[in-house]
Amino acid sequence: MRRRDLAAKISLYAILLAGLVVVVGPFLWMLLSSFKTEGEIRSAPTGWPSHWTFTNYRDLFSRLDFPQYFANSAIVAVLVTAGNLLFCSLIGYALAKLDFPGRKALFLTVLGMLMVPGMVTFVPQFVLISNMGLANSYAGLVLPFLAGPFGVFLMRQFLLAIPDDLIEAARVDGAGEWRIFWRIVLPLCRPALATLGILTFLASWNNFLWPLVVATTDDKYTLPVALALYSIGQNRIYFGLLLAGAVVVVLPVLIVFLVLQKHFLRGIATTGLK
Amino acid sequence: MTGWSFAAPFTVLFLVFALLPVLASLVMSVTDLRATDLRHPLAVNFVGLQNYTRLFEDALFRRAAVNTGVFVVIGVPLTMVLALAAANGLNSGLIRLRGLFRVGFYLPVVTSIVAIAVVWRFLLDPEAGIVNSLLAAVGIDGPAWLQDSRTSLASITVMAAWRNFGSLMVIFLAALQGIPVDLYEAATLDGAGRWQQFRRITLPLMRPALLFGAVITGIGYLQLFEEPLVMTQGGPLSSTLSVSYHIYNQFGFGNYGYAAAASYVLFVAIVALSALQFRLLGARDASS
């Protein structure tokens, strides 16, 4: 019996390890290949680089405008994240702890928006942003994402679990609602804000369709847009450059994820959404 | 009314950039709005349901709908099975490396689809790709995965499952950990085997998590877009053209009204699929 248990355990480990190789392998391959010469990527796609070269990265940052794309991605993601943290915690507090007419309808409408595919909104959003004269601008890239329904859901759920006594006590002491919000509610929300902040930053960093449509010139491309446009059509660039570009898109997110993974996984497990 | 002062900033942005566009899209879908009308979007003609009837006569749209349907019907169960297997594997008394596996399996979920699609295009390259090199090592002559219309959609489906199963795994793992251990102990005493326990205890108790996983994966997969754009540009022979990709192309041609109609068909499909999944997996008696 014990022997069978051991055998079962070993085979389980073997299967999981094989799975891990299949899932993580492509990332390692991407990283290793980005340090290879173009010829070696084609002739010897597997294995360690025979000699490490930084040419791909040098070209990416000098011949192509990747510093600009990187900055654009970062600017957009920071603004979108800041907006969601502020607006979603404000409305989340109202929905969870304050009574006002239309509260339930408002919540249900926002929640329903989670089901609407991006394709439904993007054409009118594009018409709107164009008519506001904001096409190909940071404002145009950021505005439609400043207030997302997911953040409202997350903040409301978190705030519902906070006991009313704390807020009541502050009210009895004569504190106004805004003071209560800034001094008591927001500090308590730190874990939820961390989760929301990370998930929003990530979603914005990886966002593709909207910047693809709104950013029409090189100087406003975000990283995924640049990477996609350089990988297809007449702009196609070398394998090695593309892989180095993919590393530049993926690496910041991977580092943030590995450092702050508990916030990611908690966000997923508690709200069930990515 | 303090409530509204807290809710107002979000609500204003939400009205202008989300709710208004949802309604505008519906209105657009019954007009002949084109890119050239952009400066005067109110000066367009009402065309009734013409965009919708044209849509279903459009061979490319029908092709895209079939492709997307196949992708969802194969991709959602495949992703669920992988996630369920991984979650059960990680939940079966293996404590030491659970964190490592969980983080590893979750890795593709947080990375940009565009970057992943770029990498997989190389991995699946018929000559220089690692997949065919490995197959050649065991004497198999691998196909031209993405360049062959018989394997292109299947390749994208498997890649999507590879990328997304980690997020369902985390949800399933949380559900598994909520199942009381004594249920399994009692079943073992009654002589139930591993497989029987899985069928009779695990699956029924995981039903809400399974339903949730099926719904969010279905919603996501119906919107397939980035993978074909980067990996195949919808080809070869439209074998990987998806509904979202078709909408994007129509938008690119300037056919805004037509694109809006197609996007509403997609929206209805999403609602219908979610409703269907609720009926199939939803409030059924646990004993059935």
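1. The buried residues of helix α10(A) are A:Ile180, A:Phe181 and A:Val185, and they are a convenient place to begin reading this predicted model. Looking down the axis of α10(A), one finds these buried residues within an arc of 100 degrees, so they line one face of the helix. On the other side of α10(A) the exposed residues are A:Arg179, A:Trp182, A:Arg183 and A:Pro187, a list in which a tryptophan and a proline stand beside two arginines.

2. The partners of that buried face can also be named, since the buried residues of α10(A) pack against α4 (66-97) and α9 (164-172) of chain A. Helix α10 itself covers residues 177-188 of chain A, 12 residues in total, and spans 15 Å from its first C-alpha to its last, which is close to the 16 Å expected at 1.5 Å a residue.

3. Turning to chain A as a whole, the secondary structure consists of 15 helices, with zero strands. The radius of gyration is 23 Å, well over the 19 Å that the globule rule gives for 274 residues, so chain A is more spread out than a compact globule. Along the principal axes, the C-alpha atoms of chain A fill a box of roughly 75 × 70 × 30 Å.

4. Within chain A, 45% of the 274 residues count as buried. If one takes the contacts in chain A between residues at least 6 apart in sequence, 75% of them join residues at least 24 apart.

5. How many residues of chain A are in contact with chain B? There are 71 on the side of chain A, and they meet 72 residues of chain B. The elements of chain A that each give two or more residues to this side are α1 (2-33), α4, α5 (103-112), α6 (118-131), α11 (190-206), α13 (223-231), α14 (239-259) and α15 (261-271). The largest share, 11 residues, comes from α1(A). Sorted by class, the side of chain A that touches chain B holds 56 nonpolar, 10 polar and five charged residues.

6. Helix α4(A) deserves a second look, because the buried residues of α10(A) pack against it, while α4(A) is also among the elements that give two or more residues to the side of chain A touching chain B.

7. On confidence, chain A averages a pLDDT of 88, and 94% of its residues score at least 70. Among the elements of chain A, helix α7 (residues 138-142) has the highest mean pLDDT, 96, whereas α15(A) has the lowest, 64. Where pLDDT is low, the predicted coordinates should not be read in detail. The reader may wish to keep this in mind for α15(A), which is one of the elements listed on the side of chain A that touches chain B.

8. One glycine can be placed individually: A:Gly39 lies in helix α2 (residues 38-43) of chain A. Is A:Gly39 buried or exposed? With 10 C-beta neighbours inside 10 Å, A:Gly39 counts as exposed. A:Gly39 and A:Ala194 are separated by 155 residues in sequence and, C-alpha to C-alpha, by 44 Å in space.

9. Chain B has 13 helices and zero strands. Its C-alpha atoms fill a box of roughly 75 × 65 × 35 Å, taken along the principal axes, and 45% of its 288 residues count as buried. Of the contacts in chain B with a separation of 6 or more, 70% are accounted for by residues 24 or more positions apart.

How values were computed
Residues are numbered from 1 along each chain as its sequence is written. Chains are lettered from A and ligands numbered from 1 in the order in which they are written. This is a predicted model: local features need pLDDT of at least 70, side-chain atom pairs count only at pLDDT 80 or more; totals for chains, interfaces and linings use all residues. Helices (H or I, at least four residues) and strands (E, at least two) are DSSP runs, numbered from the N terminus. The radius of gyration is taken over C-alpha atoms; the globule rule is 2.2 Å times the number of residues to the power 0.38. A residue is buried if 20 or more other C-beta atoms lie within 10 Å of its own, exposed if 12 or fewer, and partly exposed in between; C-beta atoms are placed from the backbone. Two residues are in contact if their C-beta atoms, placed from the backbone, lie within 7 Å. The expected span of a helix is 1.5 Å times one less than its number of residues. The arc is that of the directions from the helix axis to the C-beta atoms. Ala, Val, Leu, Ile, Met, Phe, Trp, Tyr, Cys and Pro count as nonpolar, Asp, Glu, Lys and Arg as charged, and the others, Gly among them, as polar. pLDDT is the predictor's confidence in each residue, from 0 to 100.
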